[in-house]
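The exercises below ask for geometric reasoning about a predicted model. Please work through each task before reading its solution.

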Amino acid sequence: MRPEYFDQPCRSALNHVEGMPFEWTLNPYMGCAHRCTFCYVRSFERRADRPSGDAYGRRVRIKPNVAEVLRRELARPSWAREVVVVGAATDPYQPIEGSRRLTRACLEAFVERGNPFGIITRGPLVVRDRDVLAEGSRRARVTVDVSIPTLDPDLWRVTEPGTAPPAARLRAVRLLADAGIRVRVAMAPLLPGLSDRPESLANVVRAARDAGATSVWAGLLYLQAGTREHFLATLDAVWPEERARLEALYAGRAHLPKRVSAPVLARVAELRRDTPRRAGAPDPIEAEHVPEPEPPTFAEQLGLAL
Ligand code: SF4
């Protein structure tokens, strides 16, 4: 079913976040048509009193002015050209980006300023913007994380109803790597007992390295209220015995206990170390020249451009 899209201009483009490995994010859309069953954004939606269950992702907000607002924010004298992660709360390459091109417009704004940025996506559409990503990489640190937690077709279909198949995402990794873009594979989230088995981890890491991924990292399922109910209900409909097992594993907690997660992460670290990158994959483009932030214009100093 096609989601309902609606335009709603934003007042700010950059969001300051806490408790994440980065401080700034940008989301050209809100809501995600990929509707992954495990999406952690469902828990935020629940807290904001918005649909977090089956209706999540059926309505997607488009920020038509996001690139224009971003340009103003990047031009502020107080902006210290920090790394911005695009797509932490939605997929910036979900299908609507094909026609609206707002993610692309935001990347162009970063490139103009030589601002470092990262992208997190499950959308192969990212390859359309190889030209901008390559140019951005010449001016600042740019990283693309393509999420591929499993190659298992059944698991993919059940848990990620709206995303492109893993093979299409691997192809995207290959095309990005071939364009000299620093591209990593994010094995996230790994589902305990479903996608964290040693052979499954090895298959993903091998495929990622064969495609030319510069690195691979992993994160395990995080089940907060909002995500928990929908994820477990989906499992129940297909593999009821898995629901019972996962319910017990996550009883009273959102994160897995370390005794369960640590060996999985250690295994991924070993595989990353021991699995070489595809021979002949180009080295990532390194920033040739990272210019100092341009001095503010007179209008900016007066605040007239804000
Ligand atoms: S692609 Fe990412 S943001 Fe979109 S539903 Fe899946 S996990 Fe959530």
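**Exercise 1: a residue in a helix**

Ala 167 lies in helix α7, which runs over residues 166-178. Determine whether Ala 167 is buried, exposed or partly exposed.

Solution. Begin with the cut-offs, under which a residue is buried at 20 or more other C-beta atoms within 10 Å and exposed at 12 or fewer. Ala 167 has 14 C-beta neighbours inside 10 Å, and therefore counts as partly exposed. As for its position relative to Glu 4, which is 163 residues away along the chain, the two C-alpha atoms are separated by 28 Å.

**Exercise 2: length and sides of α11**

Check the length of helix α11 (residues 258-274) against the expected span, and work out where its buried residues lie around the axis.

Solution. With 17 residues at 1.5 Å a residue, α11 should span 24 Å, and its end C-alpha atoms are 24 Å apart, so the two values agree. The buried residues of α11 are Val 264, Val 268 and Leu 271. Because they cover an arc of only 60° around the axis, they sit on the same side of α11. This fits the general rule that an α-helix has 3.6 residues a turn, so residues three or four places apart point the same way. The other side of α11 carries exposed residues, among them Lys 258, Arg 259 and Asp 274. Finally, the cover over the buried residues of α11 includes β9 (183-190), α8 (198-211) and β10 (215-220).

**Exercise 3: the ligand shell**

Classify the residues that surround the ligand.

Solution. List the shell, which consists of Cys 32, His 34, Arg 35, Cys 36, Cys 39, Val 41, Thr 90, Asp 91 and Arg 122. Sorting by class then gives four nonpolar, two polar and three charged residues.

Key. Residues are numbered from 1 along each chain as its sequence is written. This is a predicted model: local features need pLDDT of at least 70, side-chain atom pairs count only at pLDDT 80 or more; totals for chains, interfaces and linings use all residues. Helices (H or I, at least four residues) and strands (E, at least two) are DSSP runs, numbered from the N terminus. The expected span of a helix is 1.5 Å times one less than its number of residues. The arc is that of the directions from the helix axis to the C-beta atoms. Two residues are in contact if their C-beta atoms, placed from the backbone, lie within 7 Å. A residue is near a molecule or strand if its C-beta atom, placed from the backbone, lies within 6 Å of it. Ala, Val, Leu, Ile, Met, Phe, Trp, Tyr, Cys and Pro count as nonpolar, Asp, Glu, Lys and Arg as charged, and the others, Gly among them, as polar.
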